[in-house]
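Subject: Structure handover

Hello,

Here is the structure I promised to pass on. Please open it first, then read my notes below.

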Amino acid sequence: MAVDLLLGLQWGDEGKGKIVDVLTSNYDIIARFQGGPNAGHTLVFNGKKHVLHTIPSGIFHDGTINLVGNGVVIDPVIFKGELDKLEAQDVDYRKSLVISRKAHIILPTHRLLDAASEASKGKAKIGSTLKGIGPTYMDKTGRNGIRVGDLELSDWKERYRALADKHESMIAFYDVDIQYNLEELETEFFKAIEVLKSLKFIDSEEYIYQAQKTGKTILAEGAQGSLLDIDFGTYPFVTSSNTTAAGACTGLGVAPNQIGEVFGIFKAYTTRVGSGPFPTELFDEDGATMSRVGNEFGATTGRPRRCGWLDLVALKYACQVNGVTQLMMMKGDVLSGFKTLKVCTAYKYKGDIIKHFPYNIEPENVEPIYTEVDGWQEDLTEMSETSQLPKALNEYIEFLEKELEIPITIVSVGPDRKQTIFRS
Ligand code: GDP
Ligand code: IMO
Ligand code: MG
């Protein structure tokens with residue numbers, strides 16, 4: 001069976017966790033392929049909210065395998081915290097959670113390096129979640145990292161010490177004031193490592209290959225969003241992994257010709273957390289309404305998310321680089337009450353009108369050109385069928401489908417699992 005992918009098409013927080021949870025009943029395996037605890041994936045069901053950072057969003061379904069792929073970076077301390085929360089809810093993760101030996105480990109000093117790097121940048125900071133993501137991927141590509149499989153080797157603690165010592169000298173090199181007590185951090189870290197070691201480590205590319213051969217269905221769960229991709233995002237204001245479809249191939253060991261459906265998720269508007277350009281960002285009452293009604297605060301850091309209109313230039317670009325086959329539109333309910341909605345359909349770029357996503361979208365180069373459409377006033381949150389959707393919302397959806405040339409197959413009308421409308 002081909003492996004299906006689910007990816008965020010904007011700057012993250014599109015609602016990936018919710019939809020993976022909704023789709024999990026169709027799959028035997030849910031596999032995370034990149035990112036780490038910078039992600040915060042929210043699931044809501046039975047009146048309860050759950051936030052996952054590293055653990056795949058299929059974990060609440062009995063009988064589904066949840067795989068943490070080689071492309072993921074794991075912070076054992078945060079991972080342990082997630083496991084503790086699952087345990088408190090009687091989720092039997094021991095049977096259902098497997099981890100790639102090739103996944104890299106975030107050390108306490110990676111987090112400190114992240115903080116030092118950001119502090120040294122001053123106003124030019126990335127707005128990182130400070131989870132050590134950048135430094136860990138740097139050690140991976142620099143061929144210095146420590147992997148999950150290394151924990152099974154007798155000399156891994158010596159290798160840990162050598163790397164942590166090197167990091168300490170790098171922190172000193174930054175010449176910024178970072179206060180820390182490494183001994184305390186290490187006590188917590190080594191305790192969490194023991195918990196991690198009690199889980200099942202696997203050669204995940206072989207596991208996935210065999211699963212495919214025996215007809216198992218697999219959904220790969222992306223983290224972050226396409227505009228945060230290290231290659232195709234708004235560099236340098238990006239994360240340090242490939243968040244786009246190609247990342248699923250390298251992050252799981254799945255060959256490109258084995259990819260099936262590519263589900264692309266987007267909000268009916270746009271949000272971004274952290275620094276970086278955002279052409280359709282709003283600084284007015286409309287933006288404040290999106291933020292308030294959409295409860296736009298980061299699931300990992302609690303920071304307010306910047307809000308703005310839907311940007312079809314950026315969305316089209318994301319659909320292209322991912323090969324999206326189906327779209328899912330989230331948070332349509334948040335836009336209820338706007339008289340009209342704006343959609344960016346082109347950029348004025350250095351004086352020219354362009355419809356593609358250019359090299360540089362800094363505000364001095366890019367001005368969004370909007371098409372205005374009718375809004376809808378009805379509350380969507382109790383709706384469960386397409387026939388109930390207001391005319392103006394249907395028109396909005398059809399307009400987007402026409403522009404993007406891809407069908408929108410799910411419309412999400414609230415955070416709960418049940419607030420999901422399937423379109424044929
Ligand atoms: P992810 O990182 O892509 O999984 O998304 P986050 O969990 O960070 O952010 C999405 C937020 O929107 C969460 O608080 C979800 O509970 C919420 N959410 C998801 N879908 C909808 C929806 O259709 N409507 C509303 N109002 N909230 C939603
Ligand atoms: P999910 O999976 C939204 C952003 C950070 C920062 C930049 C780099 O929940 O959609 P990093 O910690 O990776 O060094 O931060 O990327 N960022 C996210 N924004 N959702 C996420 O994940 C994000 N993960 C990282 O805010 O701007
Ligand atoms: Mg999130």
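Please keep in mind that this is a predicted model. I start with the ligands, then turn to the rings and the backbone.

Ligand 2

Which residues come nearest to ligand 2? They are D13, K16, H41, T129 and T239, out of 20 residues around this ligand. By type, the shell around ligand 2 holds 7 nonpolar, 10 polar and 3 charged residues. As for its site, ligand 2 sits in the largest pocket.

Three polar contacts are worth a look. In one, the side chain of T239 places an N or O atom 2.6 Å from an oxygen atom of ligand 2. In another, the partner is backbone: an N or O atom of the Q224 main chain lies 2.8 Å from an oxygen atom of ligand 2. R303 uses its side chain, with an N or O atom 2.9 Å from an oxygen atom of ligand 2. Now for the cover. Ligand 2 exposes 550 Å² when taken alone, and the protein buries 97% of that.

Ligand 1

Around ligand 1 there are 19 residues, and G15, K16, T42, D333 and S412 come nearest. K16 is therefore a residue to look at twice: it is among the nearest to ligand 2 and among the nearest to ligand 1. The shell around ligand 1 divides into 5 nonpolar, 7 polar and 7 charged residues.

Again, here are three contacts, each through a side chain. An N or O atom in the side chain of T42 is 2.5 Å from an oxygen atom of ligand 1. R305 has a side-chain N or O atom 3.2 Å from an oxygen atom of ligand 1. For S412, a polar side-chain atom lies 2.5 Å from an oxygen atom of this ligand. On its own, ligand 1 has 580 Å² of accessible area, and the protein covers 93% of it.

Where does ligand 1 sit? Its place is the second largest pocket. Two elements, α1 and β3 (41–45), give two or more residues to the shell around ligand 1. The largest share comes from α1, with 3 residues.

Aromatic pairs

The count comes to 12 aromatic pairs. One of them joins W11 and F278. The ring centres of W11 and F278 are 5.2 Å apart and the planes meet at 55 degrees, so this pair is tilted. The pair links distant parts of the chain, as W11 and F278 are 267 residues apart. W11 is in the loop between β1 (3–8) and α1 (16–23). F278 is in the loop between β12 (270–272) and α10 (285–293).

Backbone

Most residues other than glycine have a negative phi, and most peptide bonds are trans. Two places here depart from that pattern.

Is the peptide bond from Y235 to P236 cis or trans? It is cis, with omega near 5 degrees. P236 belongs to the loop between β10 (218–221) and α9 (245–252).

The other place is D90. This residue is not a glycine, yet it has a positive phi of about 60 degrees. D90 lies in the loop between α2 (76–88) and α3 (93–96).

Best wishes

Technical notes:
Residues numbered from 1 in each chain as written. Chains lettered and ligands numbered in written order. Predicted model: local features only at pLDDT ≥ 70, side-chain atom pairs only at ≥ 80, totals over all residues. Heavy atoms only, no water. Near = heavy atom within 4 Å. Polar contact = N/O pair within 3.5 Å; in protein donor to acceptor, adjacent residues only side chain to side chain. Areas by Shrake-Rupley, 256 points an atom, 1.4 Å probe, with all protein chains shown as cover. 1 Å grid on protein atoms, 1.4 Å probe; cavity = no way out; pocket = protein on both sides within 12 Å on 5 of 7 lines; lining within 4 Å. Sits in = over half its atoms within 2 Å of the grid points. Nonpolar A, V, L, I, M, F, W, Y, C, P; charged D, E, K, R; others polar. Phe/Tyr/Trp six-rings, centres within 6.5 Å; stacked < 30°, edge-to-face > 60°. Helix = DSSP H or I, 4+ residues; strand = E, 2+ residues; numbered from the N terminus.
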